[in-house]
Amino acid sequence: MLLYTLGTFFALYVCVLLAVASIFVVARFIFGFQASGFLQGLISGCLIGAIAICMLFANVVFSGSLSWMLGGGAEKSTNEILESLGPEWKIFSNIPFVEGPTSGPWEVDVDHVAVGPRGVLVVETKYTSVVTSLDEERLGTRIRNDAAQAYRNSVKVGRVVQLMEVNIPIIPVLVYWGPGVRSSDESVRALGSVRVVAGAREKEWMPNISSSRLDQEKQVVVVNSLTAYLANYVAPG
């Protein structure tokens with residue numbers, strides 16, 4: 001929301017600068033208006049300011065920085081939802097894993113893992129600026145690809161926690177954020193084993209995200225397993 005507000009502000013600011021400059025340019029060429037030195041400087045400043053802001057915005061968009069910032073904001077919103085589950089839950093964020101061949105591995109991360117009475121939630125967060133409906137009978141390619149990523153993440157986490165304990169309910173969750181995300185009253189959409197939800201409707205989907213149960217003893221085992229994994233993790237390279 002903050003980035004959206006800032007974007008709107010800068011767009012309006014550029015429009016105002018261009019409008020001011022355009023008024024003086026039209027007045028000069030149509031009515032022969034001669035601007036004073038001060039007004040000429042004002043016009044030049046408006047044009048330069050508008051061009052600079054447009055260049056800055058283009059750099060942010062095309063460098064991928066905007067997507068990175070929006071994605072980071074979405075992950076923060078998801079984390080806040082998970083933290084609101086209460087003290088019975090332990091939240092891990094940005095858990096790293098190594099992928100690829102031994103000759104050239106790379107690092108990926110799992111956005112969030114929540115361990116609590118209803119199991120282990122392995123959460124992947126996505127931000128989208130385009131209309132994304134979670135109600136279609138057949139979900140789109142992007143959603144299915146994102147769900148596949150969420151499932152792979154759950155497999156990675158499962159390999160860590162099930163080394164010490166079996167029969168741990170691990171639930172992959174895919175959370176979408178963005179002004180174009182659409183979801184009906186069916187707050188949790190199942191895509192295979194993945195739960196697909198709209199982040200903004202957490203009050204509806206959070207109570208229904210899992211019907212599993214994980215007793216206190218197994219919760220401790222899972223938390224200790226993840227804590228030990230992070231303590232001993234070695235980044236590639």
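In the predicted model, the side chains of Glu 99 and Lys 156 come together in a salt bridge, with a nitrogen-to-oxygen distance of 2.8 Å. This pair ties together distant parts of the chain, since Glu 99 belongs to strand β1 (residues 90-99) and Lys 156 to helix α4 (residues 141-161), with the two positions 57 residues apart in the numbering. The two partners are placed unlike one another with respect to the surface: Glu 99 has a relative accessible area of 25% and is therefore partly exposed, whereas Lys 156, at 11% relative accessibility, falls under the 20% limit and so counts as buried.

The Glu 99 pair belongs to a set of four salt bridges counted in the model. Side chains of opposite charge can pair when their charged atoms come close. A further member of the set lies within helix α4, where the side chains of Asp 146 and Arg 142 meet at 3.5 Å, taken from N to O. These two residues are four positions apart in helix α4, which means that about one helical turn separates Asp 146 from Arg 142. Here it is the acidic partner that is buried, Asp 146 having a relative accessibility of 9%, while Arg 142 is partly exposed, with a relative accessible area of 40%.

Another of the salt bridges joins Glu 124 to Lys 126, the closest N and O atoms of the pair being 3.3 Å apart. In this case both residues are buried. The relative accessible area of Glu 124 is 4%, and because this value is under 20% the residue is classed as buried. Glu 124 is located in strand β3, which spans residues 119-127.

The surroundings of Glu 124 were examined further. The contact between the side chains of Glu 124 and Lys 126, at 3.3 Å, also qualifies as a polar contact, and a polar contact of 3.0 Å connects the side chain of Glu 124 with that of Asn 153. When neighbours within four places in sequence are set aside, the residues in contact with Glu 124 are Asp 111, Gln 149, Ala 150, Asn 153, Val 173, Leu 174 and Val 175. Asn 153 thus appears both in this list of contacts and as a side-chain polar partner of Glu 124, and the buried Glu 124 is joined through its side chain to Lys 126 as well as to Asn 153.

Note on methods: Residues numbered from 1 in each chain as written. Predicted model: local features only at pLDDT ≥ 70, side-chain atom pairs only at ≥ 80, totals over all residues. Heavy atoms only, no water. Buried < 20%, exposed > 50% of the residue type's maximum accessible area, 1.4 Å probe, protein only. Polar contact = N/O pair within 3.5 Å; in protein donor to acceptor, adjacent residues only side chain to side chain. Contact = heavy atoms within 4.5 Å.
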